[in-house]
4 protein chains.
Amino acid sequence: MFAQNPVFIPGPTNMPEVLRRAADMPTLDHRSALFGQILQPALAGVKKVLKSNAADVFIFPSTATGGWETALSNTLSPGDAVLAARHGMFSHRWIDMTRRHGLDVRVVEATWGEGLPADRFAEILSADKARTIKAVLVTHNETATGVKSDVAAVRQALDTAGHPALLLVDGVSSIASMDFRMDEWGVDVAVAGSQKGFMLPAGLAITAFSGKAMDATAQATLPRTYFDVRDMAKGYANDAYPYTPAVGLLNGLKLSTELLLAEGLETVFARHRRIADGIRAAVAAWGLELCAARPDLYSDTVSAIRTPEGFNATEIVTHAARKYDVAFGVGLGEVAGKVFRIGHLGSLTEVMALSGIAAAEMAMVDLGLRIELGSGVAAAQAVYRGAAAPGLRAAA
Amino acid sequence: MFAQNPVFIPGPTNMPEVLRRAADMPTLDHRSALFGQILQPALAGVKKVLKSNAADVFIFPSTATGGWETALSNTLSPGDAVLAARHGMFSHRWIDMTRRHGLDVRVVEATWGEGLPADRFAEILSADKARTIKAVLVTHNETATGVKSDVAAVRQALDTAGHPALLLVDGVSSIASMDFRMDEWGVDVAVAGSQKGFMLPAGLAITAFSGKAMDATAQATLPRTYFDVRDMAKGYANDAYPYTPAVGLLNGLKLSTELLLAEGLETVFARHRRIADGIRAAVAAWGLELCAARPDLYSDTVSAIRTPEGFNATEIVTHAARKYDVAFGVGLGEVAGKVFRIGHLGSLTEVMALSGIAAAEMAMVDLGLRIELGSGVAAAQAVYRGAAAPGLRAAA
Amino acid sequence: MFAQNPVFIPGPTNMPEVLRRAADMPTLDHRSALFGQILQPALAGVKKVLKSNAADVFIFPSTATGGWETALSNTLSPGDAVLAARHGMFSHRWIDMTRRHGLDVRVVEATWGEGLPADRFAEILSADKARTIKAVLVTHNETATGVKSDVAAVRQALDTAGHPALLLVDGVSSIASMDFRMDEWGVDVAVAGSQKGFMLPAGLAITAFSGKAMDATAQATLPRTYFDVRDMAKGYANDAYPYTPAVGLLNGLKLSTELLLAEGLETVFARHRRIADGIRAAVAAWGLELCAARPDLYSDTVSAIRTPEGFNATEIVTHAARKYDVAFGVGLGEVAGKVFRIGHLGSLTEVMALSGIAAAEMAMVDLGLRIELGSGVAAAQAVYRGAAAPGLRAAA
Amino acid sequence: MFAQNPVFIPGPTNMPEVLRRAADMPTLDHRSALFGQILQPALAGVKKVLKSNAADVFIFPSTATGGWETALSNTLSPGDAVLAARHGMFSHRWIDMTRRHGLDVRVVEATWGEGLPADRFAEILSADKARTIKAVLVTHNETATGVKSDVAAVRQALDTAGHPALLLVDGVSSIASMDFRMDEWGVDVAVAGSQKGFMLPAGLAITAFSGKAMDATAQATLPRTYFDVRDMAKGYANDAYPYTPAVGLLNGLKLSTELLLAEGLETVFARHRRIADGIRAAVAAWGLELCAARPDLYSDTVSAIRTPEGFNATEIVTHAARKYDVAFGVGLGEVAGKVFRIGHLGSLTEVMALSGIAAAEMAMVDLGLRIELGSGVAAAQAVYRGAAAPGLRAAA
C-alpha cells in the first residue's frame, strides 16, 4: 500500500513528511480560539504566495473544481456571457461548467499545445462594445498540455479595450510553483488547490477575490451555499467557518506557506524551472518533442511529451506503473495516446527527478522506442550539475 | 498544539489512531488501478452501514453541508416546493439553503427540543393533492438540541398520503453511531459526513441515493457541477473520479466501515447508547435536564444540557476549555446560552466519557452551580459497571 | 491494537504525539553534520534537567537496566565493595546486578514502603575506616513501592564520614518528573530512562557522570564495551557515536528536554505533585492506604496502594485491563498481591488522572471492595479544582 | 529536517512507511497479554528468516554491538581463546571487544577486500589439538569493504578438524537481505540488527543461539546482566521481558518478518542481488573497481568502490551530501579515503538505486573524475530492464 518511488503525476504531488504531519492533526475544537491561530496565518500566507496585498482569500473543503464553481457562482448570474479559450482538458472542463450553470460562454478554440490566444481575446473584448461579457476565464497552466498562458497579456487586452469584465484565473497547477502576480496582473479571482504547489493532500480549493470581485458577489444571482464566499467572509471575521472546516489541511496550508515563504518565492520558482529544464533537456536528448509549441509556453510544473506517430503514449504510463512502480500522467482528451506527462511540481529534488527520467527511459526502451538508455539522464545531469541546491531541506 | 484530553464536541470526534493513519497516505496515483481498490470497498462499506442494498453511494471532497447541497441540487428544480421542519440550528440551516437555491420551502416551526412533527407532516402531505411538494427534508439527529426524529414516521406519512415526494434525510450526526435504515425507511437521499460516526477528519460528504432519487437527477435542473452525482456515477463505473479525489480520506473511510462492520452495527449502536446512558445518568444526578423533551427523543450521539435560568451555559464551555483543556459544545441559535452540549459520538470509551463528566462537574462547580463533585461520575459509573466492554480494541 | 484510554502504569508513560513524531524520524545519515545538531542539544538538555553544570551525559541505546550496568562497570573493579539498601524490587535488582558483576555488595535490608535508611548508611560509612566501600547505590524513587529516598541525606552521610565512595543514583522513575539535583547532591552517576519523565518510548539509558566518576572510569577494570563511556566521550567530541545511534529517540529526547525546560522544571515538578496529590486524596477517600510509610516518602510519580488483608490486589489490575481497558501496575516482589499501582508520571493531565481514578473505583467495586463510586474522583476533583492548569499544551 | 532523497549508507536503511508506523506505537502495557502477541511472532519470524528450526532468539534493546557482546559474554569465560580474522573495520572492532573482555584472541590478518581466510582457519583449528580455542568469530558481510565471507567453509573447517569451538557469526549487514542458513551452517550464535535488512530504526540487537550455545551459557563466567540471555529466556517463557522492552520496535520486527516471509526469502535475496548487480554494472561502466577482490566475495548489500590513486574518495561523500543531499558511506580504517560506499540493503527499489547512481556520477564529475554522465545509469538500467519487479509493494 505504501509506495517507495516518487510519483511523477502532475498532482497530487509528492508530499514532504513535515506537511503530511501538519495536516494529520488530532481533533481540535474548531470553535475554540486555537482555530483562528491556524486559519488566519493560512489565509495571510496564501495572500503572500499570490503576491497580493488586497485580495480576500477563501478556502473551501473541496478540490479545485469547487474553486472554479466558487469563482463562477459568486460573481455571475444566469445568462451572463463569459469568454474562454479551449486549448486543453482543463480549460475544456471549466467551459463545460459554465454551460451547466447557465452562462453564455463564448469559446475561442485554440490548438492544444498553444497557450490562450490573448490577441484574439483582445479583438473580442474590443468588439464587445455592449460589455455583455462579464468575465474572462484564463487557465494559467494547462496541465493537460504543459502549456502556460500569458495572464498579463489578457489583463492588457482588457485594459486596452477598457473592458470591465472580471478576470478569473485557474492557477491550480501553477500557483506556488510558478510566478503568479494577482495584484500586478489584475486578477479578480484566482483558483488554486492544496494538492499541487502547496504539496498537501487534495481537499482544499484555495480562492482569492479582488475587491472588484467581492463587489460582484453582491449582484451575482447564481445559486450557491456551500461555495458562497459571503458566508466564508462572515465566518473568517470571527475566526470561524460557516461549516466544519478541514482543520488539519488548513494547518498544513499554514505550514506550507511558511515553508514556501521561508525558502523565498523566487527561489521556489527558480527551483521548479531548474528541475523542469532538466526534464526538458532529457526530452531533447531522447529526440522527442514537447506538446507545448514554443519555449515561452513551457510549463515549469508539467511536461507533456509527444511520442512518435503510431505509438500509443499511454502504454508508457501503464508499463512504467506495472513494471517499475512509477506513476506518470497519461494524455487526456485531444492528446490522449499522443503524449505522456511528467509532473514536476511540488516537492521534488533533482535527484528524484533523475529517477523519473531513468524510469521513463527504461519504459520507452522496453516498448521499442529508439531511445538510448542513460541519454536523458545524462542531459538532465548536465543541467543539474550546474545548479543543484539542497532545496526544501534548507527551508525546513 | 497537540491536546491530550479527549474532545467532547459533537463532531469532529476523537479519532482512533488507526483511522488517522489510514487517512494520512502518501500520494497514490488516483488514475491507477490501486485507486479502485480503495474506492469500491469504501462505497460498499458505506452502503452496509446505511443498511441499504439498493442505494448508490457518492462521496464528495467537501463537508456535510456540501452533502445537503448534493441532495437538493441533484433532485430538484428551481421553484420546487419542499417540506421541512425547523427545530434546531441544523434543520434551520438546511431550510436556509433551500431558499438560496430558489426552492419554495414550506417550513413547519417546532419547539427546539422536540423532534420533527411527523403528524403535522402527515396532514400537510395529505392535503397536498396537487403533489406540489417534491421533497420532504428530515434532520434525523438535531445536533443542536440532542434530539432524534422518527424517519420511519415520515415515511409512513408519505405512504399513507400516497405522496411521491422524495425523502431527503440529514443523518450527519447519527449515521454510523445510531441506527439508520435507508431501505426500510425508504430514504431517497441520505447525507453523512466523515467527521462524525465514521471517526475521520472532516472533508468528505457521504451521500446515498435511492433508485427513485437517481431517476430524479435526470429531471432536476438546479445548476450543479461539483456536486453532480451523474459525473460521480460515470467516474465510479471506471474506478475513477470526475476530479481529484481525497484518496487518503477515502482510504480512511474504507477502514472505518471495515471496523464498524467487524464490530457489528448493532454492537456499535449499543455502545453509543450505553455511553449516552451514562452521560444522561450524570445529568440527572446533577439535577439538570436535557434539552430533548422526552426519552424517545434522546440522541445517543450528543446531549444538550439545560442549565438553570439566569445562568449562561456558554461559560461552562469557555471555562472548561481554558482551565481544564476540555472541549464541550456551546448552545446554538435559540438555545444559545441555555444549554451546553456533550458530544459522545465516534470513538469514545466509557473511561474517556467519565473524564468528560468529571471535567464538566468541576467547571460547573467552579462557576457556582450547585452540583456535587463526583455525583455525575458516580451515576455514570453505575451505568458503565453494568455494561462496559473493551469497545473498538476488540475490533481493531 | 491502538488503545484509546490513557495508561496508568508507572512507565512507559503516555506519550505526547509531538514527542512520538520527533522520535519517528526518517533515516538520517548519523555520520553527517545533521547528527550533531540532534545529539548535542539532547546532551545539553539532559544536563539542565539534572540541574548539573559539570556532568558528562552519556546516552545508550538500551533501557535503564543498561544504565545501571553503565554506572557499575565504568567506575568499579571486580571485588570492589558497594553499599546498597533493599527496600523494593528495583533496589533489589540493582543489588543482584552488582553480584553478577563480581562486586562485594553490602546490603542493608529495609522495609518495603520505607525509604533508604540514610542514618544506617551514615553509620556504615563512618565505620568503614579502610574505605573499602567504593560506591554507594541509591534508588531515588522506588517504583515498586511509590517511595522516594533522600539522596541529599546520603550525600550528607558521605561528607560527614569524609568518605570518598562514589554516589550512584537510580533516578529512572524520578528524573524529569521530580526534583533531582545532581550537582547540589554530589551525585557521581545518575541513571534515567527515556520512557519515564522524558515521555518517550523505551530505548535510551540516560546517564550522567560527575568529574570524580569520570576519573574512576580510568581505573575501573570491570569488562565493558557496549556500555563504555570512554568510547562515548570520544565519539561525542566529534558529534559521533561509537556505534549506530538511535537517532530518532535522540531527536525525541532533544525535544523532550526543550518542552520540559520551556515549561520550567519547577512547574513540571509542581504539576506532578498536583496530580499525585489528587490521586492520594482519592486513596484516602477510598479508605485505603499507600504502601509508602509516611508523607515525606510519597512519590509524585507512582502510588502503590495497599488493599485490604485477604484481597488479591493483582485482581484489580487484571480486571481493569479486561473490563475497562485501563492499565494499572501490579505489586512486585514482597508486595505482590498486596498493592496495585497507579503510575502518574510523564505526560498526564488532571482530566486523564480522573479517568484513571474512576476506572480504579469501578474495578474495586466490581471486585467487592467497599468503595463508594465517585468518592475518589470527588476527592481528586477538589484538589484539581484548586490548581488545574493547561499543562503541556502551554509549553507545546 | 525531513529528507526527500533516499539514503545510500550501508545502514540504517531506508524504511518503508508501514514499518515506521508499526514501530511508532502508543504505549502498551508490556505486562499485559497483548505483549506476548507481539513478542512471540517477532521471535518466530526471526527464526524463519535465519532458516533455523532450533535456535533460541533473543532480542535486546541495543544496537548490534550489544549483540556482539551478547554472543561473547554468554558463551565464554575470561581467558578463553577465540579465533578471528581482521579484514575490515567491523571484524576489527569485534576483535577489539574480545580483548576488552579479557579473551585471548588469535587474530589472522587478511587483506581488506578479501574474505575470511577459511583455509587458514582450517589449519589453525586442526593444529589446536588441545581445543584451547573456544569460539571462532566470523563477520559474514564486512560492511567496510563490501565483502562476504564463506560461513559454510568455516563450519567445514571446524567439522574437518573435529573441533568443538563455537561458531559465532556477525550477520548484521547480511541477515534478511542475503542468504543466511543458521542450521545448515551450524552457526552457534548469529547476530543481527534492526536497522539493516529488517528495515527498522536502530535499537534492537537480534541474536540467535543454537542448543550448543545455550549449553555454553551455563558455563560462561564473563560478567553480564543486561545482555544475559538466561534472563531473557526466563522472561520469554512468560511472554515477558527482564526489563522494559522496546515494544514498538518489536512490533516493527514482527511486521518486518511478516513482510519478508510473505515476499519469500529467496525473492528478497534475489531482489538484493539484482539491485546490487545494477550498482556493480554502473561501477564497471565508470571504469572503477570494487574493493571486494573477486565476484564470489561481492556483497549484495553494500558496494565499496575504489577511486583512482591520489583521489580522496571521502570527498565524493561530502560533496554528494552537500550539493545533492544524498548520503553515501565513507571508507573506514585501512580503506579510508580510498573507497566510498553505496549501501543497497533494506528497502530500496531499482528506481531509487538509479537515483543514487546518478547522484554519484554527478558528484564524481563535479570533483574531476573522468566519468561519463549517464554511463553508470545506463549500465544499471540495462540490468534492471531485464528484471525489475514491483518489489515490496507486492508484499505489502
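This is a short talk on chain A, its relation to chain B, a sheet in chain A and a helix in chain D.

Okay, hi everyone. Keep in mind that this is a predicted model, and let me start with the overall look of chain A.

Chain A has 14 helices and 13 strands. Its radius of gyration is 21 Å, close to the 21 Å that the globule rule gives for 396 residues, so chain A is as compact as a globular protein of that length. If you like boxes, the C-alpha atoms fill one of roughly 60 × 55 × 35 Å along the principal axes. Buried residues account for 65% of the 396 in chain A. And if you take contacts between residues at least 6 apart in sequence, 73% of them join residues at least 24 apart.

Now, how do chains A and B relate? A turn of 180° with a shift of 0.0 Å along the axis lays chain B on chain A, and the RMSD is 0.0 Å. So the two copies are related as by a two-fold rotation axis. Which C-alpha of chain B sits nearest that axis? That would be the one of Ser62(B), 2.4 Å from it. As for the interface, 100% of the interface residues of chain B are also interface residues in chain A, so the copies meet through the same surface.

Next, a sheet in chain A. Four strands make an open sheet, ordered E10-E11-E13-E12, with antiparallel pairing. The edges are E10(A), residues 289-290, and E12(A), residues 329-330, and each of those pairs on one side only. Between E12(A) and E13(A), residues 339-343, there are two bridges, and the strands run antiparallel. Look at Val330(A) and you'll find its bridge partner in E13(A), namely Phe340(A). Packed on this sheet is helix H10(A), residues 265-285, which touches E10, E11 and E13 of chain A. The direction of H10(A) makes about 5° with that of E11(A).

Last stop, helix H6 of chain D, residues 151-161. Buried here are Val151(D), Val154(D), Arg155(D), Ala157(D), Leu158(D) and Ala161(D). Why do they end up on the same side of H6(D)? Because they cover an arc of only 155° around the axis. Flip to the face turned away from that buried side and you get the exposed residues Asp159(D) and Thr160(D). What covers the buried residues includes helix H5(D), 118-127, plus strands E4(D), 133-139, and E7(D), 166-170. Right after H6(D) comes Gly162(D), with a positive phi near 60°.

That's it from me, thanks.

Terms used
Residues numbered from 1 in each chain as written. Chains lettered and ligands numbered in written order. Predicted model: local features only at pLDDT ≥ 70, side-chain atom pairs only at ≥ 80, totals over all residues. Buried ≥ 20, exposed ≤ 12 C-beta atoms within 10 Å, placed from the backbone. Arc of directions from axis to C-beta. Contact = placed C-beta atoms within 7 Å. Rg over C-alpha atoms; globule rule 2.2 N^0.38 Å. Least-squares fit on C-alpha atoms with pLDDT ≥ 70 in both. Pairing = 2+ DSSP bridges. Axes fitted to C-alpha atoms, helices over the stretch in contact; angles between N-to-C directions.
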